[in-house]
Amino acid sequence: MAESVDPDTSRLKGSETQPQAEDETVELQIFRYDPEVESKTEAHFEDFHVQPHEGMTVLDALIEARDEQDPSLTFRHSCRQGVCGSDALFINGKQRLGCKTQIDELSTPIRIEPLPHHPVVKDLVVDMDDFYERMRAVEPYFDPDDPPPGELEERKQSRENREAIKLSTRCIWCGACTSSCSIAADEDVYLGPAAINKGYRFYADEREGEDRKAKRLELLTETDGVWRCQTQFSCTTVCPQEIPLTEHIQQLKRDATKADLKFW
Ligand code: SF4
Ligand code: FES
């Protein structure tokens, strides 16, 4: 069965119906599009049926559909354990990692689409270049002050500071948060939650010096930074690593406001 949709703009919500009985197959409605195959240049959904088993994830179901039914079905994955961030998808209307999403927790049929707000390359694979550019824009690397001449001192971090930045270090660059953000979708200049969180991770690291910290705050709070966030919490809701993205953005807003205060 085929249902036409626009590959870049249209995402149909996953229907919330009754869960499947254990002895039945599960229906997957998978987004298909291939600009290089004439019969697939119009985006559409195709139905697949897989036999569920205990612990089966959406990624397992996709692999079975590809291996057993249609080898042309294309999607990304690597680690299969929530670490590489390569299989973020739009599953039943929400950004999720395929490998961390159990099929028995979803209503059926399960609708699987590419991440919204990215150009579709083929089937479930999207072009992530724009996301990576935003991440690189915040200078995502540790940059401590030079040690005093002649000293090769270990860069120690206090237990308290490690605890403070712990959650922000967990990002796996999956892009789910930025894909869920309507501001990042409408204004391609907005850094977006993942990039701001990455900047926050280093901004809040006590091992970088005060000058670097001030420059990082400036970078993250300039026109395309934190002030564009409208506190919708969608990023925080979908992040598979449970990073409190909105909280980090709000913290940067507070710090920027304090840094701008002048007393006479
Ligand atoms: S912050 Fe969370 S949702 Fe966003 S890219 Fe990182 S891991 Fe993915
Ligand atoms: S396959 Fe690596 S995060 Fe899902």
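What follows is a short walk through the fold, the backbone and the surface of a predicted model.

To start with the overall picture, the chain has 264 residues, and 47% of them are buried. Its secondary structure comes to nine helices and eight strands. A good deal of the contact map is long-range: taking contacts with a separation of 6 or more, 66% are between residues 24 or more positions apart. As for the outside, the accessible surface of the chain adds up to about 14000 Å², and carbon and sulfur atoms supply 47% of that area.

Strand S6 (110–113) is a handy place to look next, with a backbone feature on either side. Just ahead of the strand, the peptide bond from Thr108 to Pro109 is cis, with omega near -5°. Pro109 itself sits in the loop that runs between strand S5 (94–97) and S6. Within S6 there is Glu113, an acidic residue whose relative accessible area is 0%; it therefore counts as buried, the cut-off being under 20%. Glu113 also gives an example of residues distant in sequence: Phe45 is 68 residues away along the chain, yet the two C-alpha atoms are 8.8 Å apart in space.

On the other side of S6, the loop leading to strand S7 (120–122) holds His117. This residue is not a glycine, but its phi is positive all the same, at about 70°. His117 has a relative accessible area of 45%, so it falls in the partly exposed class, between the 20% and 50% limits.

Arg80 tells a similar backbone story elsewhere in the chain. Its phi is about 65°, again positive without the residue being a glycine. The setting is once more a loop, here the one between helix H1 (58–68) and strand S4 (88–91). With a relative accessibility of 45%, Arg80 is partly exposed as well.

Back at the surface, four acidic residues, Asp145, Asp146, Glu210 and Asp211, make up a negative patch. One of them, Asp211, belongs to helix H7, which covers residues 210–221. The relative accessible area of Asp211 is 59%, and because the exposed class begins over 50%, this residue counts as exposed. That is in contrast to Glu113, the acidic residue in S6, which is buried at 0%.

Terms used. Residues are numbered from 1 along each chain as its sequence is written. Chains are lettered from A and ligands numbered from 1 in the order in which they are written. This is a predicted model: local features need pLDDT of at least 70, side-chain atom pairs count only at pLDDT 80 or more; totals for chains, interfaces and linings use all residues. Side-chain values use heavy atoms; hydrogens and water are left out. Patches are made of residues with over 30% relative accessible area and no salt bridge: like charges are joined within 9 Å, nonpolar side chains (Val, Leu, Ile, Met, Phe, Trp, Tyr) within 5 Å. Accessible areas come from the Shrake-Rupley method with a 1.4 Å probe; for residues, only the protein chains shown count as cover. A salt bridge is a side-chain nitrogen of Lys or Arg within 4 Å of a carboxyl oxygen of Asp or Glu. The place of a charge is taken as NZ of Lys, CZ of Arg, CG of Asp or CD of Glu. Helices (H or I, at least four residues) and strands (E, at least two) are DSSP runs, numbered from the N terminus. Buried means under 20% relative accessible area, exposed over 50%, partly exposed in between (1.4 Å probe, protein chains only). Contact means heavy atoms within 4.5 Å.
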